[in-house]
Amino acid sequence: MPAGVLGSVAAFLFAAQMVNVPVAAGTSGHLVGATLASVLLGPWRALLAIAAVLAVQALLFQDGGLLAYGANLADMGLLGCFVGYAVARFVARAVSGPRGIASGAVFGAFVATVAGAVCASFWLSLSGLYPLSGILPVMLVTHVPIALLEASLTGAILVTLLRFRPDLVAGLDGETAGRRSSVLVMGWLGTALAVAAFVAPFASGLPDGLEKTATTLGFASRASAPWPRLAAVAPSVMGLIGTIAAAGLAFAVGRKLAAVSDDAHR
């Protein structure tokens with residue numbers, strides 16, 4: 001798969017994660033997109049896209065944090081991509097056709113989000129911030145609505161693609177032959193830039209599920225940033241910078257892996 005496809009999908013995921021919407025009283029959520037990317041690209045490529053997105057968030061915007069990068073990659077990357085993919089593939093085999101693919105992605109996105117919340121609860125418990133018996137119920141209460149949002153957005157995007165460009169949905173069967181990568185790149189990158197510039201500035205300011213949990217249980221003040229955030233930059237400019245950075249990082253990784261693969265086959 002061309003590196004440009006990986007980069008453009010990473011750009012879309014970054015932009016989508018900037019758009020928080022209210023999901024419950026005092027809580028917001030956003031699309032992570034790991035299961036969606038897995039259905040489109042396959043789980044390993046999706047993991048690379050998520051890794052690039054999380055790296056840009058941590059390095060440029062202090063979102064998630066450097067020290068929590070491994071835990072975030074495990075929760076949203078490994079679980080998001082592989083658990084979501086496994087559920088989606090199981091359902092797609094049981095229900096044939098586009099309906100099975102869409103239904104599988106919806107269920108996969110929900111399960112992956114809940115699994116990530118459970119895993120995050122274990123990390124927080126192991127860190128000594130709060131006992132697992134206290135943090136797990138709060139995390140589930142805050143993240144089940146977010147999982148429903150993730151499932152809904154994943155389903156809506158995938159149904160649209162299956163209706164108008166089913167050839168672009170190839171992650172479940174691994175077939176990429178005949179796909180027009182230029183269409184993928186222009187479509188995902190253009191959408192990502194539009195979302196970052198015109199939609200992200202209107203994102204909800206409510207805390208997300210983890211922030212809400214931290215506030216509820218009283219350890220929100222433990223978070224700190226090693227350097228100042230880019231708070232003075234306009235949200236639309238920040239969004240464009242991050243989107244382009246995520247695309248560039250994923251593109252560079254994709255090019256490097258392609259070169260290594262080519263050398264290995266010579």
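Two strands pair if DSSP finds at least two bridges between them. Keep that in mind, as a strand pair is an early stop on this tour. The model on your screen is a predicted one.

**Stop 1: the whole chain**

Start with everything shown as a cartoon. You should find 9 helices and 2 strands, and reading along the sequence gives the pattern α-β-β-α-α-α-α-α-α-α-α. Of the 266 residues, 43% count as buried. Among contacts between residues at least 6 apart in sequence, 79% join residues at least 24 apart.

Now colour by pLDDT. The chain has a mean of 87, and 89% of its residues reach 70 or more. Which elements have the lowest and the highest mean pLDDT? Helix α9 has the lowest, at 86, and helix α4 (residues 69–94) has the highest, at 95.

**Stop 2: the hairpin**

Select residues 21–24, which are strand β1, and residues 27–29, which are strand β2. The two run antiparallel and pair over 3 bridges. Together they make a hairpin with 2 residues between the strands. Click on Gly26 in the turn: its phi is positive, about 75 degrees. Then show Ala24 and look across to β2, where Thr27 stands opposite.

**Stop 3: Val19, in the loop before the hairpin**

Step back to Val19, in the loop between α1 and β1. Is Val19 buried or exposed? Its relative accessible area is 18%, and buried means under 20%, so Val19 counts as buried. Show its contacts beyond four places in sequence: Gly29, His30, Val195, Val199, Ala200 and Ala203. One of these partners deserves a distance label. Val195 is 176 residues from Val19 in sequence, yet their C-alpha atoms lie 8.2 Å apart in space.

**Stop 4: helix α2**

Select residues 34–41, helix α2. How many of its residues are buried? The count is 8 of the 8, so this helix is largely enclosed by the rest of the structure. Show the side chains and you will meet Ala34, Thr35, Leu36, Ala37, Ser38, Val39, Leu40 and Leu41. To see what covers them, switch on other helices: the cover includes α1 (3–17), α3, α4, α5 (97–126), α6 (132–164) and α7 (181–199). Just after α2, pick Gly42, which has a positive phi of about 100 degrees.

**Stop 5: Ala147**

Helix α6 was part of that cover; now select Ala147, which lies in it. Ala147 has 0% relative accessibility and so counts as buried. Which residues does Ala147 touch, not counting those up to four places away in sequence? They are Phe110, Thr113 and Val114. For another distance label, join the C-alpha atoms of Ala147 and Leu31: they are 9.1 Å apart, although the two residues are 116 apart in sequence.

**Stop 6: out to the surface**

Finish by turning on the molecular surface. The chain exposes about 12900 Å², and carbon and sulfur atoms supply 68% of that area. Next, highlight Leu59, Leu60, Leu66, Val237 and Ile241, which form a nonpolar patch. Their accessible area together is about 390 Å². Which helices each supply at least two residues of this patch? They are α3 (43–61) and α9 (235–264).

Make Ile241, in helix α9, your last click. With 41% relative accessibility, Ile241 counts as partly exposed, because that class lies between the buried limit of 20% and the exposed limit of 50%.

Terms used
Residues are numbered from 1 along each chain as its sequence is written. This is a predicted model: local features need pLDDT of at least 70, side-chain atom pairs count only at pLDDT 80 or more; totals for chains, interfaces and linings use all residues. Side-chain values use heavy atoms; hydrogens and water are left out. Patches are made of residues with over 30% relative accessible area and no salt bridge: like charges are joined within 9 Å, nonpolar side chains (Val, Leu, Ile, Met, Phe, Trp, Tyr) within 5 Å. Accessible areas come from the Shrake-Rupley method with a 1.4 Å probe; for residues, only the protein chains shown count as cover. A salt bridge is a side-chain nitrogen of Lys or Arg within 4 Å of a carboxyl oxygen of Asp or Glu. Helices (H or I, at least four residues) and strands (E, at least two) are DSSP runs, numbered from the N terminus. Buried means under 20% relative accessible area, exposed over 50%, partly exposed in between (1.4 Å probe, protein chains only). pLDDT is the predictor's confidence in each residue, from 0 to 100. Contact means heavy atoms within 4.5 Å.
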